[in-house]
Amino acid sequence: MTGTSIRESAIVPARSALLFIDVQNYNARPDGGMYIEQGLKADEAETKYDYFFKHLTDVVIPNMQRLQQASRVIGIEVMYTVIESLTKDGRDRSLDYKITGFNVPKGSWNAKMLNQINPQDDEIIFSKTSSSVFISTNIHYVLGNLGIDFLIMSGLLTDQCVSSAVRDACDLGYLVTLITDACSTYTQDRHQTSIDHIR
């Protein structure tokens, strides 16, 4: 193929979805379970992960809100993933999540999306127990039913669940746009290295 690569195709709203990855109380708040599990109080988590929480508040969440609102206005499907077990004790989690110690019980406060980007009534939330939403949910099936070809991604953490989802989506045949200033991880260097690798 000569000329413009298909990767540069303009997004078609009716065939597009915006996917927010793991923007939830568990990992996006200093009083979330991820930090409690590390033995940190909220103020200690804010100090230890100062870059992350500041970047989230000042840049990432406002950009997510703009993306969410614009997508709703022009008819782009808005979807979400959350780390959430299907059970309270997490027995259904992936081996990696068991080894790591991640357990977000079904229906818990930690499994809720941040208030700032709360889903509307009819927006889809996928509960996942693996890094990539494409491994532990039926998202690929649902996207197919919706006729989605273009995926716009935003979320946490850039170098973990976001990166995994981007790579899997590309391999499954979606045209993916990662909104780099609507993603974050614990350091600017980790974020940039991940973006460079994905690119």
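**Exercise 1. Which residue of strand 4 is the bridge partner of Leu-18?**

Preliminaries: the model is predicted, local features require pLDDT of at least 70, side-chain atom pairs count only at pLDDT 80 or more, and totals for chains, interfaces and linings use all residues. Residues are numbered from 1 along each chain as its sequence is written, and side-chain values use heavy atoms, with hydrogens and water left out.

Solution.
Step 1. Helices (H or I, at least four residues) and strands (E, at least two) are DSSP runs, numbered from the N terminus; two strands pair if DSSP finds at least two bridges between them.
Step 2. Strand 1 (residues 16-21) runs parallel to strand 4 (residues 150-156), and six bridges join them.
Step 3. The partner of Leu-18 in strand 4 is Ile-152. Further along, Ile-21 is bridged to Gly-155 of strand 4.
Step 4. Strand 1 is also joined in parallel to strand 2 (residues 77-83), by five bridges; here Leu-19 has Met-79 as its bridge partner.

**Exercise 2. Determine the strand order of the sheet and identify its edges.**

Solution.
Step 1. Five strands form an open sheet with parallel pairing, in the order 3-2-1-4-5.
Step 2. Strand 3 (124-128) and strand 5 each have a single partner strand, so one side of each is left without a neighbour in the sheet.
Step 3. On average, neighbouring strands are turned by 20 degrees against each other, direction ignored. Axes are lines fitted to C-alpha atoms, for helices over the stretch in contact, and angles run from 0 to 180 degrees between N-to-C directions.
Step 4. Helix 8 (residues 158-171) lies across strand 1, strand 3, strand 4 and strand 5, and runs at about 165 degrees to strand 4.

**Exercise 3. Are the residues of strand 1 buried or exposed?**

Solution.
Step 1. Buried means under 20% relative accessible area, exposed over 50%, and partly exposed in between (1.4 Å probe, protein chains only).
Step 2. Six of the six residues of strand 1 are buried.
Step 3. In a regular strand the side chains alternate between the two faces of the sheet.
Step 4. Ser-16, Leu-18 and Phe-20 point one way, whereas Ala-17, Leu-19 and Ile-21 point the other way.

**Exercise 4. Characterise the surroundings of two loop residues, Gln-24 and Thr-185.**

Solution.
Step 1. Gln-24 lies in the loop between strand 1 and helix 1 (25-28). Because its relative accessible area is 0%, Gln-24 is buried.
Step 2. With contact defined as heavy atoms within 4.5 Å, and residues up to four places away in sequence not counted, Gln-24 touches residues including Thr-81, Val-82 and Ile-83.
Step 3. Thr-185 is found in the loop between strand 5 (175-184) and helix 9 (188-198), and is counted as buried because its relative accessibility is 0%.
Step 4. The side chains of Thr-185 and Asp-159 make a polar contact at 2.7 Å. A polar contact is a pair of N or O atoms within 3.5 Å; within protein, one must be able to donate a hydrogen and the other to accept it, and residues adjacent in sequence count only if both atoms are side-chain atoms.

**Exercise 5. How many disulfides does the structure hold?**

Solution.
Step 1. A disulfide is a pair of cysteine sulfur atoms within 2.5 Å.
Step 2. The structure holds zero disulfides. For Cys-161, the nearest cysteine sulfur, that of Cys-183, is 12 Å away.
Step 3. The sulfur of Cys-170 is 13 Å from the closest cysteine sulfur, in Cys-183, and is therefore too far for a bond.
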